[in-house]
Each structure stands twice: as C-alpha cells, then as structure tokens.
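User: I have a protein model open and want to learn how to read it. Can you take me through it step by step?

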Amino acid sequence: MNFSKVGQAAFVFQPERLDELMHPKDFLLKKYVVVKEVELNNLEWDNFVDDLQIERDFLEMREYQSMYLDVFECILIYTPNIPHGILAVADEDGLIEYAAYCLG
C-alpha cells in the first residue's frame with residue numbers, strides 16, 4: 001500500500017467501528033504525521049475494525065503522543081489486501097482516542 005505519511009484527515013473522537021470513520025458525522029479536521037505503521041493480517045484486521053475501543057498491544061507507543069499537538073502523531077494500521085487503513089492516535093493505555101479513515 002502507498003499511504004500518505006503526512007496530510008490532513010477527519011478524526012473522530014473515540015470511534016467504535018470502521019463505519020464511523022468512513023462516514024463521520026462529528027469530526028475534527030487535523031493535520032497528521034505517521035510515526036508508526038502496523039500491518040495486520042485479514043483476521044486481525046476484521047477483529048480490529050469490529051471494535052476499535054479494545055486495548056491492543058500494537059497501539060502502545062514507547063512515548064505517549066499528546067492529542068493536543070498541532071499535528072497528530074499517528075499509528076497507521078492497515079492490511080495489505082484492502083486499499084484503506086486507519087490513522088490512530090492512542091492514549092497512554094493503548095486505546096484509540098482519535099482515529100481517521102485513509103485510502104492507500
């Protein structure tokens with residue numbers, strides 16, 4: 001996949017499912033930079049997008065990235081068989097605070 005490492009996206013606060021990101025009703029338009037990439041297999045991806053608010057090891061960062069920065073520092077999560085991914089800003093517990101849909 002060829003995802004943009006920097007850009008601007010519509011971030012949703014604590015989304016629960018992928019469809020909330022694909023058709024956001026209430027969102028924050030924010031600049032982002034990808035600081036970490038996570039590639040999931042198809043089963044892991046399906047489990048991930050079915051419930052985005054479960055603590056996951058791959059969302060943990062060595063250093064907590066503040067959501068109050070001018071530019072969101074994101075984790076890009078994707079699977080190679082699907083042409084889209086998720087930009088995630090995780091809190092210190094490894095839970096998604098903000099997320100956005102992105103095309104590869």
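User: Let's start with charge. How far apart are the mean positions of the positive and negative charges of the protein?

Analyst: First, a caution: this is a predicted model. To read charge, take the mean place of each sign, then the distance between the two. Here there are 8 positive and 20 negative charges. Their mean positions lie 6 Å apart.

User: What pattern does the protein follow along the sequence?

Analyst: List helices as α and strands as β, in order. This protein reads β-α-β-α-β-β-β. That gives two helices and five strands.

User: Why does the radius of gyration of the protein agree with a compact globule?

Analyst: Compare the value with the one expected for the chain length. With 104 residues, a compact globule would have a radius near 13 Å, and the protein has 12 Å, so the two agree. Along the principal axes, the C-alpha atoms fill a box of roughly 35 × 25 × 25 Å.

User: What share of the residues is buried?

Analyst: Buried here means under 20% relative accessible area. Such residues make up 40% of the 104 in the protein. On the outside, the protein exposes about 6100 Å². Carbon and sulfur atoms supply 47% of that area.

User: Where is confidence lowest, and where is it highest?

Analyst: Where pLDDT is low, the predicted coordinates should not be read in detail. The protein averages 88, and 91% of the residues score at least 70. Strand S3, residues 71-78, has the lowest mean, at 92. Strand S1, residues 6-13, has the highest, at 95.

Key:
Residues are numbered from 1 along each chain as its sequence is written. This is a predicted model: local features need pLDDT of at least 70, side-chain atom pairs count only at pLDDT 80 or more; totals for chains, interfaces and linings use all residues. Side-chain values use heavy atoms; hydrogens and water are left out. Helices (H or I, at least four residues) and strands (E, at least two) are DSSP runs, numbered from the N terminus. The radius of gyration is taken over C-alpha atoms; the globule rule is 2.2 Å times the number of residues to the power 0.38. Buried means under 20% relative accessible area, exposed over 50%, partly exposed in between (1.4 Å probe, protein chains only). Accessible areas come from the Shrake-Rupley method with a 1.4 Å probe; for residues, only the protein chains shown count as cover. Lys and Arg count as positive and Asp and Glu as negative; His and the chain ends are not counted. The place of a charge is taken as NZ of Lys, CZ of Arg, CG of Asp or CD of Glu. pLDDT is the predictor's confidence in each residue, from 0 to 100.
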